[in-house]
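Open the model in your viewer and keep the selection panel handy. We will walk through it stop by stop.

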Amino acid sequence: MPSGFEELEHKKGALFSTSEILRWMEEELRHDRKVLARETEQSLQSMSSGERKKALFRYLMEQQPEYLILDNAFDNLDRGSRDDLVGKITVLADSTSLIQILSRRSDLLPFIDKRARWEGGELMWLKHPEKEGPGNDPFPTALPPAPETRVNTDPFLIELRDVSVSFGDRKVLDRITWKIAPGDFWELRGPNGSGKTTLLSLITGDSPKAYGQEIYLFGNRKGSGESVWDIKQHIGYITPSLTDRFRGYHTLEQMLISGLVDSIGLYTIPTEKQKDLAGSWLELLGLTESKNTYFHDLSKGQQRLVMCARAMIKHPLLLILDEPTADLDDHAAELVVHLVNKMATESHTAVLFVSHREEPELKPRGILQLNPTEAGSEGIILR
Ligand SMILES: Nc1ncnc2c1ncn2[C@@H]1O[C@H](COP(=O)(O)OP(=O)(O)OP(=O)(O)O)[C@@H](O)[C@H]1O
């Protein structure tokens, strides 16, 4: 037991974390055993991240732990689900010891009275609240140019007309009409389970639910014979889980160049032109000295910046950033938001930012809000 936690030594503890959810998902897939959501037919895999968190919390409460570790408990939660969880935790705090691990200062529960910082492999107990970091422009150089000029004559990259999606009886999207034009900067908002991931999968060509609907992707009507590849070649995409697909040893330079050839890892010898372009991105990120460093040796925040740069390096027509600040601390999240603002303003790429957490520094020019109703979520354009 680390110093400071001796009183919990022989007590029964429980862990509320994303890794626990992943563990139960694995259990469900491998052994076909439902533990977290026994009362529903639905698999954990198909649940929204908010629904999974609720299921884990319910299960842990049944175990009646004497202390509970909350590992970034509010990541991936919208405001309503977060308030709901804060309420439950506040009640629990009367009878149970809590250890809150957090990366974003705004997540700190008001009644947590002892604080420590994890630094250099050690726990440092804090006497005073920490100060905010400085807010200078972290990326002063210009955005590296597109490797080739693309000619796009379509007025809209994406067009959805009255698109509805249901899974069995569950109505998820209700008559969504939305257009993304070249160079737009959109934020997609909506509470947990409102259908954000479902909507993204219609745009990326990954959902069979797109068939038979009026959806136009990069000038083609969906279902007109285009392949998923035809769609994906126009899209740069990141989700936090994409990082997990890069197993093995890839240097930063290789990681960036792999974004030009759309591969997970680099299996061709890069040209000098590709190396120069990767060099310009490394300079922008302040990582020039680290060009031969392995991606997995970077901090999580640096990895996320590199993943954003990798998705943007070819200046795709559409860049989709799905929860790009999830699991990051304040400073790292701020850097990602600055980089996204820069990519949106200094390029012709349309940017779509999806996040539960309101990022105050994000400067989208349009917001699509999904509002759940009985008939599925309606899409409201806020700006
Ligand atoms: N394959 C599926 N089968 C059954 N239900 C599904 C399936 N995929 C999604 N759903 C349901 O559709 C709803 C919308 O899910 P979706 O993942 O799109 O929401 P979300 O807004 O991305 O949520 P979150 O922000 O929590 O990730 C949820 O209630 C989810 O359980």
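What follows is a tour from the whole chain down to single residues.

**Before you start**

This is a predicted model: local features need pLDDT of at least 70, side-chain atom pairs count only at pLDDT 80 or more, and totals for chains, interfaces and linings use all residues. Residues are numbered from 1 along each chain as its sequence is written.

**The whole chain**

Begin with everything selected, as a cartoon. The protein has 9 helices and 15 strands; helices (H or I, at least four residues) and strands (E, at least two) are DSSP runs, numbered from the N terminus. Along its principal axes, the C-alpha trace spans about 65 × 55 × 40 Å. The radius of gyration is 22 Å, which agrees with the value near 21 Å for a compact globule of 383 residues. That radius is taken over C-alpha atoms, and the globule rule is 2.2 Å times the number of residues to the power 0.38.

Now colour by burial. Of the 383 residues, 34% are buried. A residue is buried if 20 or more other C-beta atoms lie within 10 Å of its own, exposed if 12 or fewer, and partly exposed in between, with C-beta atoms placed from the backbone. Among contacts with a separation of 6 or more, 69% are between residues 24 or more positions apart; two residues are in contact if their C-beta atoms, placed from the backbone, lie within 7 Å.

**Two domains**

Select 6-126 as domain 1 and 158-381 as domain 2, following the domain assignment. Such bounds come from an automatic or database domain assignment. The centres of domain 1 and domain 2, taken over C-alpha atoms, are 27 Å apart. Where they touch, domain 1 brings 14 residues and domain 2 brings 11 residues. On the domain 1 side, helix 2 (49-62) and helix 3 (79-92) each supply at least two residues, and the largest share, 3 residues, comes from helix 2. That side of domain 1 divides into 1 nonpolar, 8 polar and 5 charged residues. Here Ala, Val, Leu, Ile, Met, Phe, Trp, Tyr, Cys and Pro count as nonpolar, Asp, Glu, Lys and Arg as charged, and the others, Gly among them, as polar.

**Inside domain 1**

Next, select residues 13-16, which are strand 1. In a regular strand the side chains alternate between the two faces of the sheet. Here Ala14 and Phe16 sit on the covered face, and Gly13 and Leu15 on the uncovered one. Add strand 2 (residues 67-71), which runs parallel to strand 1 and is joined to it by 4 bridges; two strands pair if DSSP finds at least two bridges between them. Opposite Leu15 you will find Ile69.

Stay for Leu92, in helix 3. Is Leu92 buried or partly exposed? Its 17 C-beta neighbours inside 10 Å make Leu92 partly exposed. A C-alpha to C-alpha distance label from Leu92 to Leu68 should read 9.4 Å, for a sequence gap of 24 residues.

**The six-stranded sheet**

Move on to an open sheet of 6 strands, ordered 11-12-13-8-14-15 with mixed pairing. Its edge strands, strand 11 (235-238) and strand 15 (378-381), each pair on one side only. Neighbouring strands are turned by 20° against each other on average, direction ignored.

At strand 11, show strand 12 (residues 318-322) too: they run parallel, joined by 4 bridges, and Ile238 stands opposite Leu321. Helix 8 (residues 300-312) lies across strand 11 and strand 12, at about 165° to strand 11. Axes are lines fitted to C-alpha atoms, for helices over the stretch in contact, and angles run from 0 to 180 degrees between N-to-C directions.

Then jump to strand 14 (residues 366-371), which pairs with strand 15 in the antiparallel sense over 4 bridges. Leu370 has Gly379 as its bridge partner in strand 15. Their hairpin has 6 residues between the strands, including Gly376 with a positive phi near 110°.

**Two backbone stops**

Most residues other than glycine have a negative phi. Which phi does Phe218 have? Phe218 has a positive phi of about 50°, and lies in the loop between strand 9 (214-217) and strand 10 (220-221). Finish at His315, in the loop between helix 8 and strand 12, where phi is also positive at about 50°. His315 is partly exposed, with 19 other C-beta atoms within 10 Å.
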